[in-house]
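Welcome! Open your viewer, get ready to select residues by number, and follow along one stop at a time.

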Amino acid sequence: MRSKGETEAAVRTAIIKFEQEFLGRGPDDVRAFIVRDLLVVRLKGVLTPAERQLAKTPEGIDMVKRLRQNLIAQGRERLCEQISELVGAKVTALFTDIDTHVGERIFVFTLDSDAEGSFR
């Protein structure tokens, strides 16, 4: 059985791999936090040079956000299954957003049980 820190590290690795496969590049930094029945993942440095250019206008920001949402939707099932296996609890929902001004993305996975409590 893995520790909480080892599980969070495994989640970071899985998220980096997912981003590389679906978006063509990984983030500069990833942090994962298991908090009771939530898994929060913060990714820094996620925008491509083209996305940074697009994000200079309101229309471009909307385009980047919609593109990223569509890509996540295509891989959502696989990502949720993988996260469920890693944390030992079923993912019941996935929320995500990207801030194009700072180039960060947040994933929040809700879980069907207190995953944090299983490490105590």
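**Stop 1: a pair on one helix.** Start by selecting Arg 66, which counts as partly exposed at 47% relative accessibility. Keep in mind as you look around that this is a predicted model. Now add Asp 62, also partly exposed, with a relative accessible area of 39%. Both residues lie in helix α3, four residues apart, about one turn of the helix. Show their side chains and you will find a salt bridge, with the closest N and O atoms 3.0 Å apart.

**Stop 2: a network of charges.** Next, select Glu 19, Glu 51 and Arg 68, which are joined into one network by salt bridges that share partners. Zoom in on Glu 51 and Arg 68: their closest N and O atoms are 2.6 Å apart. Glu 51 lies in helix α2 (residues 49-54) and Arg 68 in helix α3, so this salt bridge ties together parts that are 17 residues apart in sequence. Are Glu 51 and Arg 68 buried or exposed? Both are buried.

**Stop 3: a link between strands.** How many salt bridges does the structure hold? There are nine. For another one, select Glu 104 and Arg 42, whose side chains meet at 2.9 Å, N to O. Glu 104 sits in strand β4 and Arg 42 in strand β2, so the pair ties together parts that are 62 residues apart in sequence. Arg 42 itself is partly exposed, with a relative accessible area of 32%.

**Stop 4: the nonpolar core.** In soluble globular proteins, nonpolar side chains tend to be buried together. Here, the largest nonpolar core has 28 residues, and those with the most contacts inside it include Val 11, Ile 15, Leu 39 and Phe 107. Colour α1, β1, β2, α3 (58-87), β3 and β4, since each supplies at least two residues of this core. Which of them gives the most? That is α3, with seven residues. Now centre the view on Phe 107, which is buried at 0% relative accessibility. Among the residues that Phe 107 touches are Ile 15, Leu 39, Val 41, Ile 72 and Leu 94.

**Stop 5: stacked rings.** Look for aromatic pairs next; the count comes to two. In one, the ring centres of Phe 18 and Phe 22 are 4.6 Å apart and their planes are at 25°, so the pair is stacked. Both lie in helix α1 (residues 4-23), four residues apart. Phe 18 is buried at 3% relative accessible area, whereas Phe 22 is partly exposed at 24%. Phe 107 and Phe 109 also form a stacked pair, with 6.0 Å centre to centre and 25° between the planes. Phe 109 counts as buried, at 0% relative accessibility.

**Stop 6: a loop and a surface patch.** Move to Arg 36, in the loop between β1 (29-35) and β2. Arg 36 is exposed, with a relative accessible area of 58%, and has a positive phi of about 55° although it is not a glycine. Then select Phe 33, Val 35 and Leu 38, which form a nonpolar patch on the surface with about 230 Å² of accessible area together. Leu 38 belongs to strand β2 (residues 38-44) and is partly exposed, at 31% relative accessibility.

**Last stop: a buried loop residue.** Finish with Thr 100, in the loop between β3 (91-99) and β4 (104-111). Thr 100 is buried, with a relative accessible area of 9%. Show its neighbours and you will see contacts that include Leu 47, Ala 55, Ile 61 and Val 64.

Notes: Residues numbered from 1 in each chain as written. Predicted model: local features only at pLDDT ≥ 70, side-chain atom pairs only at ≥ 80, totals over all residues. Heavy atoms only, no water. Buried < 20%, exposed > 50% of the residue type's maximum accessible area, 1.4 Å probe, protein only. Contact = heavy atoms within 4.5 Å. Patch = residues over 30% accessible without salt bridge, like charges linked within 9 Å, V, L, I, M, F, W, Y side chains within 5 Å. Areas by Shrake-Rupley, 256 points an atom, 1.4 Å probe, with all protein chains shown as cover. Salt bridge = Lys/Arg side-chain N within 4 Å of Asp/Glu carboxyl O. Phe/Tyr/Trp six-rings, centres within 6.5 Å; stacked < 30°, edge-to-face > 60°. Core = buried A, V, L, I, M, F, W, Y, C linked by side-chain atoms within 4.5 Å. Lists of a residue's contacts leave out its neighbours within four places in sequence.
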